[in-house]
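Q: Could you take a close look at one part of this structure for me, the place where the two chains meet? I'd like to know what holds a spot there.

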Amino acid sequence: MTADPTPPSINISQAGVVDVLRQLKQWDSSARGKHVNLFDPRKIDCLAPGLNAPLSIQVDGELGDFAFAICEQVDIQVHGNIGKFAGHSMVSGSIQVNGNVGDGFAAFAMGGFLATIGKAGNRVAMGLAGGEVIVRSDCGDEAGLGMSNGTLVLGNSTGVNLGLGMTGGVILVRGVAKSLAPEMREFRLKDADALRLGLLLARAGIRAVAKEFRLYRPIGVAE
Amino acid sequence: MHDQACIIDDLVVTSTALSPASPGSANAAQTAVHLRSATGPGLKFWFPFFVRGLSPANVSVRWPAICGLLRRHGLPIFSTVAELTAVSAADSPARIAVRNLNQPFAKSELSCADAIVLNNQDLRGFWVWPYEVDGPHDLQRLVGILRQATEGQLPIGMTLPLGAKQADLRVCIESKIDFLTLAFSSENLAMGSSNIASFTALSVHAARRFCVESGMVNLPILVDSPITASEHLIKLLAMGATAVNVASVIRHAMVANEPKVSESRLAENLLGVRPTVTKSVKEIPEAERELERMIEQLKSVLYFAGALDISHFDVSYLRSLQKSTADTLGIPLASTR
């Protein structure tokens, strides 16, 4: 059976979050193709948590809080802003946001690729346990709070207490960090780090020179 | 002056108004507890008891035996997947998964749990709302994503400290949780045992009263307190607890037959002699006897009080022996029927 050439669309505000999740799960098991458009979200909260399917989802509009939490395998593109805690506890897959994100973007993510070309609120990548997080523009205070693993890339300035309580992972900053947490130190950006950073930036569609970034790690963590 | 320390001892279980005699026995009492979920069957346990705070780390070789004991008596345990991998499937009890403060929601924990509870205690034992809960509706969203991720199959609960403020209770109730856990906190450990019992009783009574006032009369409240006296635990059930933690009772019963490892450790440290590896304990008869005694006691109390269903066993079956206790709790004096 061949896949349907026109990708299916779901009106989120009409269907409601429970029905959207049910339909997405059904699409995964059907042979209708792996691309789904979601539109008219009207800042709806808790969209598609726990979705585990190799789907490609495009969302047009502004989403509320806790969007795409605990997701696995899904590749998501959002054209609009997202509220707090998008990509919470994400396991794998990707979320790319063409807009701003609220507080706690990629909080407790264990894997995957999360990027925004806009601004981010406070505590971006809080408790990050794996995966890669990129913020193209400014972000708020306490970025990387309690990170234990993974990579956080900040393309512009960041607020106070960068990396507070961090036990592992790495933060790369191009702009100015208002203040560093006491346990954070700047390390030399090696060629291998620059190469890896360049690949991440390219994946997020961001044009920047990797060598402009400064690398921070908590002290006592092996490079 | 009345001593607040013995407030729970001032309460007695009495029968309600006389009703027509019906044949039956103490064993006919319905003791099962049901934590309901949005769409699924929820979690049922045979008796209003559960275990929280026991793990392989603190019971060592007795862990499989404890799990087997709970399985035989249909009681759930607060545990992780990793802790139960050492236990055979036939001995695995129902599992309540705990999502601790500031940790990810692990898929493996969610996918094979019978219930989920959010725990807000940090590593120092302090109670705080997690970072995700910044306003009154955030907990509702947090519960919402869990409910969707588990397709509404699992009951979702929230842990608050004993003595929680009404504002915190209100946030939980408005979040449409399926059950509430009230837990003793480490900063209260300096209390004497009778103080702990009284503090627990007052807290449970206040929480249940608040639930009733908020229109959530049947919200299950699981109470985790280090009380070892079975009569106190049964009184807690009448005061508003739906189920009580019996980990302290099991641990207390096991202490008498604790394997003496101090000599072997001494030998290892001083003489470099490795102690023989202890095989896992298959049975813990002393704990089993104590648990069965508690179950029998509960059935007897229900039978003699005239409450043949645990869900009907409420504060109306209690009377105060002291006027000050009656004034504090609003429970009538034993003399006024």
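A: Here's a walk through the interface, ending at one charged pair. Keep in mind that this is a predicted model.

Start with the overall patch: 17 residues of chain B are in contact with 24 residues of chain A. Together the chains bury about 1,800 Å², and carbon and sulfur atoms give 66% of that. On the chain B side, K107(B), Y131(B) and Q148(B) supply 37% of the area buried against chain A, more than any other three residues.

Now the polar side of things. Eight residue pairs are in polar contact across the interface, and the chains share five salt bridges. Two elements of chain B, α4 (107–111) and α5 (138–149), each give two or more residues to the side that touches chain A. The largest share, six residues, comes from α5(B). By class, that side of chain B has seven nonpolar, three polar and seven charged residues.

So let's zoom in on one charged pair: R141(B) makes a salt bridge with D65(A), with the closest N and O atoms 2.9 Å apart. D65(A) sits in the loop between β3 (56–60) and β4 (75–79) of chain A while R141(B) belongs to helix α5 of chain B, so this pair joins two chains. Both D65(A) and R141(B) are buried. The pair doesn't stand alone, either: D45(A), D65(A), K84(A), D138(B) and R141(B) are linked in a network of salt bridges.

Definitions and conventions. Residues are numbered from 1 along each chain as its sequence is written. Chains are lettered from A and ligands numbered from 1 in the order in which they are written. This is a predicted model: local features need pLDDT of at least 70, side-chain atom pairs count only at pLDDT 80 or more; totals for chains, interfaces and linings use all residues. Side-chain values use heavy atoms; hydrogens and water are left out. Contact means heavy atoms within 4.5 Å. Buried area is the accessible area (1.4 Å probe) that two parts lose on being put together, summed over both. A salt bridge is a side-chain nitrogen of Lys or Arg within 4 Å of a carboxyl oxygen of Asp or Glu. A polar contact is a pair of N or O atoms within 3.5 Å; within protein, one must be able to donate a hydrogen and the other to accept it, and residues adjacent in sequence count only if both atoms are side-chain atoms. Helices (H or I, at least four residues) and strands (E, at least two) are DSSP runs, numbered from the N terminus. Ala, Val, Leu, Ile, Met, Phe, Trp, Tyr, Cys and Pro count as nonpolar, Asp, Glu, Lys and Arg as charged, and the others, Gly among them, as polar. Buried means under 20% relative accessible area, exposed over 50%, partly exposed in between (1.4 Å probe, protein chains only).
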